[in-house]
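Morning, everyone. I'll go through the ligand site and then one aromatic pair. Please have a look at the structure first.

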Amino acid sequence: MSMKYQSPLRLRLDRAALVSNYRWLEEKSGSAACGAAIKANGYGLGAEGVMAHLAAEGCRDFFVATWEEAQQVQRHLEASLSLSVFHGVRPEDMDIALASPARPVLNSPAQIARWKAANGGPCDVMIDTGMNRLGLSIDGLDLSLFEGLEIDTVMSHLVAADEDHHHLNDIQLMLFSDIAKKVKAKRYSLANSAGICRGPDFAFDLTRPGIALYGGAPHPDCELFIRPVVAPQAEILQRRTVRGGETVGYGATFTADRTMETATLNIGYADGYARIFSGSGAAIKDGARLPVIGRVSMDLVTIDVMNCPELQEGDWVDLDYDLSYTALVSGLSEYELLTRLGHRFERYWV
Ligand SMILES: *Cc1c(COP(=O)(O)O)cnc(C)c1O
């Protein structure tokens with residue numbers, strides 16, 4: 001007898017769509033290599049699966065945020081693959097970092113000093129060109145800092161690449177082009193997903209898309225070509241008939257105006273299905289829209305199944321999770337919609 005738990009909540013992940021999105025971004029990257037940001041557990045999809053599928057397509061460069069994330073994927077790190085850790089090295093990270101094949105992205109003079117003192121080997125360097133978040137400031141940058149470093153990639157990060165007319169795009173491009181002449185490295189890298197859509201000037205040697213790989217469209221150019229990858233699916237735990245005048249869920253926010261058929265789904269805000277979908281989200285079955293009624297609870301959601309009354313306990317429905325539409329109605333970004341999808345989903349690739 002198999003004792004393997006079968007989750008009543010699944011994330012269906014479309015490998016062909018991921019690969020197609022990668023191919024498109026790679027082509028848009030021109031002569032630059034196209035890498036992949038797989039931080040935050042591959043934007044919620046599962047970093048190991050994403051890495052395996054993209055590596056099989058020829059992607060060679062991967063990016064995570066922390067050393068914990070690096071440890072989760074580094075057993076898949078064949079010699080031909082490269083992994084960079086955006087947040088650099090704190091003193092607490094040094095043992096792990098020195099034992100790891102991944103490279104830190106050094107962000108500050110203190111991180112550089114720490115890496116040099118330890119003879120850390122190959123590293124990347126982040127230059128701040130306007131984000132004012134992580135990276136070495138250009139103002140008063142002491143180029144002697146880099147002496148003795150074995151720099152693979154010098155990078156910077158775009159502030160507003162998704163906005164066509166933002167003045168910072170050109171300023172950052174100019175500042176980065178200038179820095180690229182002064183700091184010697186094997187490669188230079190500026191563009192995230194939206195940056196790739198800004199054209200070949202932004203690509204340099206290596207691009208670092210994240211969101212567009214996973215079905216997000218941070219720039220109108222993406223919308224026609226980027227395919228959805230993620231579909232949350234939940235099992236019906238119970239069916240019921242609600243009489244006119246009765247209410248559904250916490251706070252009695254929904255009152256049935258007639259006899260209704262409803263279903264209770266195994267998904268809630270603890271799974272990342274936000275409370276904002278109370279009364280606005282929907283499930284989909286065979287093309288029929290089944291609106292969420294009442295509040296989203298921690299572990300449960302109720303839907304109106306009048307359009308699909310044959311649904312039974314144990315049946316599965318898809319949640320409507322079209323990223324651009326859902327972002328629009330929820331006020332959450334496409335990034336949040338993906339990264340909040342929690343650990344109770346069973347993630348499976350088709
Ligand atoms: C997250 C991240 C990326 C990927 O950005 P997307 O907008 O998801 O394409 C690239 N570079 C850095 C430094 C990042 O932090």
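For the class counts, Ala, Val, Leu, Ile, Met, Phe, Trp, Tyr, Cys and Pro are nonpolar, Asp, Glu, Lys and Arg are charged, and the others, Gly among them, are polar. This is a predicted model, where local features need pLDDT of at least 70, side-chain atom pairs count only at pLDDT 80 or more, and totals for chains, interfaces and linings use all residues. Residues are numbered from 1 along each chain as its sequence is written, and side-chain values use heavy atoms, with hydrogens and water left out.

By class, the shell around the ligand holds seven nonpolar, four polar and two charged residues. A residue is near the ligand if one of its heavy atoms lies within 4 Å of it. Of these 13 residues, Lys39, Tyr43, Ser193, Ile211 and Tyr335 come nearest.

Now the polar contacts, meaning pairs of N or O atoms within 3.5 Å. The Lys39 side chain has an N or O atom 2.6 Å from a ligand oxygen. For Tyr335, a polar side-chain atom is 2.6 Å from an oxygen of the ligand. On His157, a side-chain N or O atom is 3.4 Å from a ligand nitrogen.

Last, the aromatic pairs: Phe, Tyr and Trp rings (for Trp, the six-membered one) with centres within 6.5 Å, stacked if the planes are under 30 degrees apart, edge-to-face if over 60, otherwise tilted. That gives seven pairs. Tyr43 and Tyr214 make a tilted one, 4.8 Å between centres and 40 degrees between planes.

Definitions and conventions:
Polar contact = N/O pair within 3.5 Å; in protein donor to acceptor, adjacent residues only side chain to side chain.
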